[in-house]
There are 4 protein chains.
Amino acid sequence: MSFNRFGRVLNITTFGESHGPAIGCVIDGFPPGMAITPEEIREALMRRATGRSRHTSQRHEAEDVQILSGVFEGVTTGTPIALVIYNTDAKSKDYTEIAAQFRPGHADYTYHHKYGLRDWRGGGRSSARETAMRVAAGALASKYLDQKFGIRITAWLGQLGELTCDENFVPESIDDNPFFCPDPARVEDLENYMDALRKEGDSVGALVRASASGVPPGWGAPVYAKLDGDLAAAMMSINATKGVEIGAGFASVVQKGTEHRDEMTPDGFLGNQAGGVLGGISSGQPVTVAVAFKPTSSLRLPGRTVDTEGNPTEIVTTGRHDPCVGIRAVPIVEAMLALVLLDHFMLHRAQCGDVPPQTPRIE
Amino acid sequence: MSFNRFGRVLNITTFGESHGPAIGCVIDGFPPGMAITPEEIREALMRRATGRSRHTSQRHEAEDVQILSGVFEGVTTGTPIALVIYNTDAKSKDYTEIAAQFRPGHADYTYHHKYGLRDWRGGGRSSARETAMRVAAGALASKYLDQKFGIRITAWLGQLGELTCDENFVPESIDDNPFFCPDPARVEDLENYMDALRKEGDSVGALVRASASGVPPGWGAPVYAKLDGDLAAAMMSINATKGVEIGAGFASVVQKGTEHRDEMTPDGFLGNQAGGVLGGISSGQPVTVAVAFKPTSSLRLPGRTVDTEGNPTEIVTTGRHDPCVGIRAVPIVEAMLALVLLDHFMLHRAQCGDVPPQTPRIE
Amino acid sequence: MSFNRFGRVLNITTFGESHGPAIGCVIDGFPPGMAITPEEIREALMRRATGRSRHTSQRHEAEDVQILSGVFEGVTTGTPIALVIYNTDAKSKDYTEIAAQFRPGHADYTYHHKYGLRDWRGGGRSSARETAMRVAAGALASKYLDQKFGIRITAWLGQLGELTCDENFVPESIDDNPFFCPDPARVEDLENYMDALRKEGDSVGALVRASASGVPPGWGAPVYAKLDGDLAAAMMSINATKGVEIGAGFASVVQKGTEHRDEMTPDGFLGNQAGGVLGGISSGQPVTVAVAFKPTSSLRLPGRTVDTEGNPTEIVTTGRHDPCVGIRAVPIVEAMLALVLLDHFMLHRAQCGDVPPQTPRIE
Amino acid sequence: MSFNRFGRVLNITTFGESHGPAIGCVIDGFPPGMAITPEEIREALMRRATGRSRHTSQRHEAEDVQILSGVFEGVTTGTPIALVIYNTDAKSKDYTEIAAQFRPGHADYTYHHKYGLRDWRGGGRSSARETAMRVAAGALASKYLDQKFGIRITAWLGQLGELTCDENFVPESIDDNPFFCPDPARVEDLENYMDALRKEGDSVGALVRASASGVPPGWGAPVYAKLDGDLAAAMMSINATKGVEIGAGFASVVQKGTEHRDEMTPDGFLGNQAGGVLGGISSGQPVTVAVAFKPTSSLRLPGRTVDTEGNPTEIVTTGRHDPCVGIRAVPIVEAMLALVLLDHFMLHRAQCGDVPPQTPRIE
């Protein structure tokens with residue numbers, strides 16, 4: 001029930017502020033016996049890292065992750081795995097001007113009213129810097145799911161502003177460009193769009209899609225621990241998210257039942273409008289999710305706001321920001337999908353065991 | 001972390017199958033000292049009840065809710081409030097044919113694979129019958145929020161198939177028609193559409209919108225206990241949900257930052273693209289949510305499927321069903337919104353107290 | 001984290017007041033596929049029931065338990081199992097005099113200060129009537145543990161006042177007398193003692209001991225989810241408990257390390273001072289617990305107290321009470337031991353699987 | 001529900017192994033607005049630290065705690081407070097001989113069977129090194145309780161082996177000697193006893209007592225979230241604990257009801273057999289706890305055991321150990337008492353508010 005913890009059986013607690021000494025997480029309940037190195041985690045982190053192209057924030061963090069516990073002789077022991085990354089490129093003075101002002105579209109106003117005080121340096125706890133730890137934890141979950149079940153998780157940029165990116169879907173291309181765009185033919189358009197946007201000083205929203213193949217049927221639970229319910233929470237907990245869809249999503253509003261229900265034959269399902277989840281439980285089909293990201297509110301273009309005394313003022317957000325936060329959200333969505341799946345595997349195993357329940361039962 | 005429980009501080013555990021002896025819930029942690037009667041709860045239940053018009057399922061349940069505990073001399077005591085409704089109009093024999101078949105688009109297949117057995121009568125635990133208890137619990141939460149904070153929660157049918165329903169928004173009309181449609185001019189269109197659909201034997205999706213006004217700023221938490229994250233989970237846990245939006249939702253994908261950020265003046269926010277949540281914490285603006293419901297898969301029109309032995313077969317779902325489950329989802333969405341808000345009030349109060357934290361602090 | 005819920009993976013939520021309409025519980029997360037009948041549960045309940053001898057309260061409850069959900073065709077389905085017992089022999093008028101007075105040694109005073117109001121009939125929620133549901137839930141857990149692992153759980157009266165009861169331990173005798181006394185030679189002493197006590201109008205404390213054999217090694221967790229930590233919480237949550245010991249317990253205060261450490265040989269441990277738990281994890285030896293119960297404070301002998309206005313008064317507790325609550329606690333201790341063990345089996349299985357982790361591991 | 005987390009609303013997650021790079025914790029949900037410095041925390045840590053007298057382990061850790069997050073400008077912000085201490089005096093080679101052997105009375109055997117592998121350096125996660133983080137977190141909790149409510153928490157050595165230590169109770173003396181002994185006249189006896197014990201190579205058990213004064217009535221909850229239930233779990237989760245008592249504890253087994261019930265007058269309770277808790281809820285009297293600690297099993301005296309292959313062997317535990325772990329447990333018991341109380345204040349406030357519920361209620 002806690003505030004900064006995620007997961008039912010596998011628990012991820014993250015900590016840290018954007019410009020504090022460090023960010024980190026504790027992964028509690030991870031299965032014993034999996035090999036993992038800091039290098040593998042760092043590799044995952046670099047996919048999310050800023051400063052890798054001109055299209056993202058120019059903050060350069062080494063992402064030099066340390067494993068403080070829970071791994072012995074290179075293998076997980078079953079005890080809590082603590083990861084920490086010390087912040088090395090925080091420039092808090094960029095933010096001193098906004099200490100007494102509320103940036104519109106940011107959490108400044110709400111933190112102030114909740115806590116009566118706030119760490120205003122770089123957004124403090126509300127910064128997307130926190131998401132690095134999701135990616136770090138997700139790296140462990142992805143490896144486990146891949147090696148134990150052959151589950152493959154892929155996310156990509158589905159749309160950036162008006163530009164759709166996945167009409168032509170070439171999975172291998174996703175990591176070949178700074179946008180996680182699966183359509184190689186779209187990359188130049190994206191570059192031009194982003195260059196213009198940056199010049200303009202504005203930002204734009206984006207759509208991220210993800211799919212997990214190889215998920216066995218039976219993960220999830222009927223009512224409040226639905227697999228899709230937990231996916232929705234996981235995705236909506238990512239900074240700047242405004243919407244989540246499973247399978248057909250909002251398109252199902254205009255569908256007929258005959259169109260939406262995925263009929264079945266001995267060869268399998270004839271469609272996947274469900275997005276791999278029926279009644280909150282995985283069906284064995286790919287689990288598909290789409291997530292809407294709002295445009296960042298950190299803009300060079302001035303905006304009206306008030307200060308902490310309630311006086312009107314105008315604000316210009318300096319600091320280093322992503323003109324489209326949705327781009328770097330791609331590996332974060334992947335990580336959250338992996339974490340939810342591993343958590344649900346473990347939850348399912350708790351109740352039903354490794355092997356699906358069979359007759360004869362306990363009489 | 002449990003399977004059938006909802007909420008962080010205020011916990012709702014529901015139980016019951018569609019055609020079992022009873023459905024019920026335990027509301028644990030509800031504040032002491034609020035007057036409540038079974039009649040008030042039943043009134044809320046009747047808004048969700050089937051059989052009230054020809055456009056919903058013709059199952060007639062009395063919804064005769066009993067309060068088994070937690071209320072003394074008409075007032076909540078702070079101990080668990082157990083509610084139970086005995087099922088009186090369950091017709092299980094409608095379902096005997098499907099005991100060994102998987103209805104497409106239903107949870108039959110996934111329950112079978114998860115548990116190795118399933119209660120096939122009326123969908124068992126996967127039936128929307130469970131949602132009656134959400135509405136019952138929501139009745140208590142709504143009353144508390146209303147009387148303590150003046151919070152008003154309203155949900156309505158935003159769209160049914162291609163028919164949008166809230167272009168002309170007359171809140172008083174919502175309860176004047178069987179569709180929870182806020183536009184009186186649209187009601188006849190909806191009736192005609194639904195009559196045709198029923199004749200056809202098909203079903204259709206719908207969009208439900210909801211808004212809560214009067215929510216104080218400061219409810220929610222920064223990362224994994226975000227108010228919007230919990231709303232997403234709550235809504236996605238409702239049967240047949242495929243998508244959830246907060247504020248601008250998926251429209252934010254094509255928005256610019258200057259368009260999306262809600263600027264502020266001493267008179268308040270200049271917009272509510274955020275949907276009343278910034279950084280996971282309420283801003284004092286109305287909290288707005290939209291939820292996509294898929295068309296029900298229980299159709300008279302035959303569909304291809306397999307039986308529990310894996311053989312191909314064709315299925316016709318008899319039983320009594322809603323051609324558009326989204327309609328009756330309106331009071332359920334309201335209830336879930338109320339429950340999440342009350343839970344977050346309590347979570348906030350745990351950490352920050354009744355009165356917002358102020359200087360002087362604890363030195 | 002909720003108020004009236006027990007367990008980590010397997011969750012038991014109980015509800016009900018002593019003189020309310022009903023008591024009940026929801027067992028959430030129970031494994032699917034186990035046969036269970038109301039009769040089996042009722043049989044367990046009757047061991048705890050009042051009115052079976054002159055040495056316990058003369059309230060006669062039918063304990064006619066109903067299974068409202070989660071069992072289909074006599075077998076658990078994996079969905080929540082709701083149990084309810086309607087109260088039939090509540091005599092609230094016995095209590096009207098104490099509505100405005102605080103019985104010393106009871107929860108009247110603390111409930112009043114916590115909630116600002118209380119259900120004073122028979123102690124309301126603070127009554128040991130609640131423990132019936134622990135026994136009911138425990139019946140399911142015991143059956144599962146027995147049939148899947150051969151775990152046998154036994155509790156008995158270890159001491160009643162100054163009378164020790166297990167110097168001569170004959171397990172078969174435990175259920176042959178109304179005291180759960182394992183020493184047949186002690187039964188007459190107990191009867192005489194209790195008859196005198198009842199005449200006197202006073203009450204007395206007791207010690208209950210329990211042991212679970214057949215628990216596999218590996219259940220439990222290193223730090224805050226220790227098997228013994230959860231046992232301590234489970235036992236201390238029973239009404240009237242004042243102390244809990246594992247293994248050597250308080251005797252270990254005066255032990256030397258050479259005396260306490262249980263040395264090992266290829267044939268097994270050479271002692272069980274540890275009580276079957278090392279570092280919070282089961283060792284494969286019997287798990288042994290002792291629990292101290294205070295004398296009930298419901299006495300015919302008058303006592304000084306104050307009323308709700310703070311005025312001094314004298315109180316005589318009428319109503320029907322146990323002169324030694326520790327006697328009927330025996331099946332409750334058994335039930336809590338079963339519930340903790342099943343919960344920890346499931347928690348362990350979530351992380352480590354059905355089969356102990358082995359090399360080769362995931363590389 | 002997680003494995004290494006403590007608390008209901010205020011959550012403490014600890015991590016780290018005895019000889020790993022670091023130990024640490026995340027305190028999630030702490031109230032905003034309290035001033036705290038690393039020095040204050042370190043001061044608390046030094047009371048628990050080893051190497052401060054010849055009577056405890058000679059490991060010398062700097063206990064140089066860092067605050068990584070959740071504190072801004074010296075004040076708690078309401079976001080997670082991460083604390084870390086890097087291990088500087090770990091001597092793992094002391095342990096290489098036991099990598100393939102199970103020390104009797106230790107967690108080696110159970111970890112091996114649970115996880116299939118273990119970090120054998122200094123006991124890994126099972127080492128009492130973890131308790132440093134309890135003391136660190138407890139320092140924050142104690143300060144909050146003291147300054148907001150005037151709650152004072154004191155623990156002391158009640159007994160060491162056969163030597164009772166608190167017959168003559170001088171609170172000021174507790175911190176004047178290396179044993180936390182409140183009776184100055186007993187200190188010399190303790191020194192002689194411990195010197196002889198160390199020479200002998202054996203270890204001994206101990207009893208620690210604690211009391212919290214100033215706790216308002218109303219903290220706790222009726223059934224499974226009882227204040228005493230949570231205290232029992234908290235204390236039993238400390239390394240080497242074998243028993244927990246509240247108030248009269250096991251002495252209540254031989255008490256009569258007239259003796260145990262604490263009668264009340266307008267001037268207050270006439271006794272405190274209850275230990276400040278009635279029906280699981282604080283009564284306003286001092287909360288009193290006693291905890292039994294077993295003698296450590298790390299002895300220079302050889303003991304029989306088996307190796308990981310099941311062969312018989314003899315073991316001598318080298319490394320640096322406490323001949324009586326109960327001594328250093330004193331500040332740990334204090335810390336756990338503080339953490340449980342703060343957690344329950346917050347839980348109570350969530351449901352009932354800062355001000356006790358009053359009429360007029362919500363009608």
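In what order do the five strands of the open sheet in chain B stand? I began my notes with this question, keeping in mind that the model is predicted.

**Entry 1: the sheet in chain B**

I read the strand order of this open sheet as 1-2-3-7-4, and the pairing is antiparallel. I then looked up the edges. Strand 1 (5-6) and strand 4 (66-67) of chain B each have a single partner strand, so one side of each has no neighbour in the sheet.

Next I followed one pairing inside the sheet. Strand 3 of chain B, residues 22-28, runs antiparallel to strand 7 of chain B, residues 81-86, and six bridges join the two. As an example I noted B:Ile23, whose bridge partner in strand 7 is B:Ile85.

**Entry 2: how chains C and D are related**

I turned to the two copies named C and D. Two copies of a chain are related by a rotation about an axis and a shift along it. Here chain D falls on chain C after a rotation of 180° with 0.0 Å of shift along the axis, and the RMSD is 0.0 Å. I recorded this as the relation of a two-fold axis. Within chain D, the C-alpha nearest that axis belongs to D:Ala233, at 2.4 Å.

**Entry 3: the contact between C and D**

How many residues does each chain bring to the contact? I found 113 residues from chain D and 113 residues from chain C. Of the interface residues of chain D, 100% are also interface residues in chain C, so the copies meet through the same surface.

The two chains bury about 8,900 Å² between them, with 63% of this on carbon and sulfur atoms. Three residues, D:Lys114, D:Tyr224 and D:Lys242, supply 10% of the area that chain D buries against chain C, more than any other three residues.

**Entry 4: polar and charged links**

I counted four salt bridges between chain D and chain C. One of them joins the side chains of C:Glu200 and D:Lys256, at 3.4 Å from N to O. Residue pairs in polar contact across this interface number 44. I also sorted the residues on the side of chain D that touches chain C: 55 are nonpolar, 38 polar and 20 charged.

**Entry 5: strands that pair across the interface**

Which strands of chains C and D pair with each other? Strand 11 of chain C and strand 11 of chain D, residues 241-246 in each, pair in the antiparallel sense over three bridges. To place one of these on the structure, I looked up C:Gly243, whose bridge partner in strand 11 of chain D is D:Glu245.

How values were computed:
Residues numbered from 1 in each chain as written. Chains lettered and ligands numbered in written order. Predicted model: local features only at pLDDT ≥ 70, side-chain atom pairs only at ≥ 80, totals over all residues. Heavy atoms only, no water. Least-squares fit on C-alpha atoms with pLDDT ≥ 70 in both. Contact = heavy atoms within 4.5 Å. Pairing = 2+ DSSP bridges. Helix = DSSP H or I, 4+ residues; strand = E, 2+ residues; numbered from the N terminus. Buried area = accessible area lost by both parts, 1.4 Å probe. Polar contact = N/O pair within 3.5 Å; in protein donor to acceptor, adjacent residues only side chain to side chain. Nonpolar A, V, L, I, M, F, W, Y, C, P; charged D, E, K, R; others polar.
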